[in-house]
Amino acid sequence: LAALYPSRFTNSFNTQNPSTDIRPLFLDKYERHFPSVPVFIGEFHAGNIPGVDHAADLRNMVEISEASPVLQGFAFFEWQVRADKGGHEMNFGMFSLGDYSVATLTFATGERFDAWCLVPVDDKPNAVAGAFGGVAPDSASLCRPDPAAVPLNN
């Protein structure tokens with residue numbers, strides 16, 4: 001197993017720390033002790049730490065990933081606020097649910113679920129898209145009712 005470890009495994013971890021903590025608290029030591037074992041951050045997001053500029057933090061995390069010989073990258077946590085969990089989970093997510101359903105999904109089991117429109121949380125979608133060189137969707141269009149989709153009843 002020891003012989004296979006450096007060539008067959010990729011380690012991962014999750015963190016709520018800002019990007020400025022990654023190198024001194026983890027990556028410097030990891031690169032020294034595991035110089036050939038890749039690692040990625042499965043959930044990265046500094047939450048609502050006062051004073052953290054999310055756009056700058058994400059850009060810095062991209063730079064750290066690109067400069068490291070072992071850090072393969074990171075995934076931003078999380079796409080949607082988990083309102084069903086409540087509590088501190090409400091600190092995470094680029095989008096929250098809007099106030100109306102845009103579609104109803106029917107699964108093979110017959111269960112039906114509503115898909116809700118999305119509302120951006122602060123400027124997080126722009127911060128994430130910008131860090132990776134992309135463009136966030138037009139937030140004004142994400143939760144705009146479509147009159148053509150409203151059923152007319154007498």
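**Notes on the predicted model**

1. Let's start at Pro24, which sits in helix 2. Helices here are DSSP runs of H or I with at least four residues, strands are runs of E with at least two, and both are numbered from the N terminus. Pro24 is partly exposed, with a relative accessible area of 45%. For that scale, buried means under 20% relative accessible area, exposed means over 50%, and partly exposed is in between, using a 1.4 Å probe and protein chains only. Pro24 and Asp57 are 33 residues apart in sequence, and their C-alpha atoms lie 15 Å apart in space.

2. A word on what you're looking at. This is a predicted model, in which local features need pLDDT of at least 70 and side-chain atom pairs count only at pLDDT 80 or more, while totals for chains, interfaces and linings use all residues. Residues are numbered from 1 along each chain as its sequence is written, and side-chain values use heavy atoms, leaving out hydrogens and water.

3. Now the overall layout. The protein has 5 helices and 5 strands, in the order α-β-α-β-α-β-β-β-α-α from the N terminus. Its radius of gyration is 20 Å, well over the 15 Å that the globule rule gives for 154 residues, so the protein is more spread out than a compact globule. (That radius is taken over C-alpha atoms, and the rule is 2.2 Å times the number of residues to the power 0.38.) The C-alpha trace spans about 70 × 40 × 30 Å along its principal axes.

4. On burial and contacts: 32% of the 154 residues count as buried. Taking contacts (heavy atoms within 4.5 Å) between residues at least 6 apart in sequence, 59% join residues at least 24 apart.

5. The aromatics deserve a look. Searching the whole structure turns up 10 aromatic pairs. Phe, Tyr and Trp rings (the six-membered one for Trp) pair if their centres lie within 6.5 Å; planes under 30 degrees apart count as stacked, over 60 as edge-to-face and the rest as tilted. In Phe13 and Phe26, the ring centres are 4.3 Å apart and the planes are at 45 degrees, so this pair is tilted. Phe13 belongs to strand 1 (residues 11-15) and Phe26 to helix 2 (residues 19-33), so the pair ties together parts 13 residues apart in sequence. Phe13 counts as buried at 19% relative accessibility, while Phe26 is partly exposed at 25%. Both belong to one aromatic cluster with Tyr5, Phe9, Tyr30 and Phe34.

6. Check the backbone at two loops. Phe77 and Glu78 are joined by a cis peptide bond, with omega about 20 degrees; Glu78 is in the loop between strand 3 (71-76) and strand 4 (95-106). Asp122, in the loop between strand 5 (112-120) and helix 4 (124-131), has a positive phi near 50 degrees despite being a residue other than glycine. Asp122 is also exposed, at 67% relative accessible area.

7. Which residues of helix 4 are buried? They are Lys124, Pro125, Ala127, Val128, Ala129 and Ala131, making 6 of its 8 residues, so to speak a mostly covered helix. Their cover includes helix 3 (54-67), strand 3, strand 4 and strand 5. After helix 4 comes Gly133, with a positive phi near 80 degrees.
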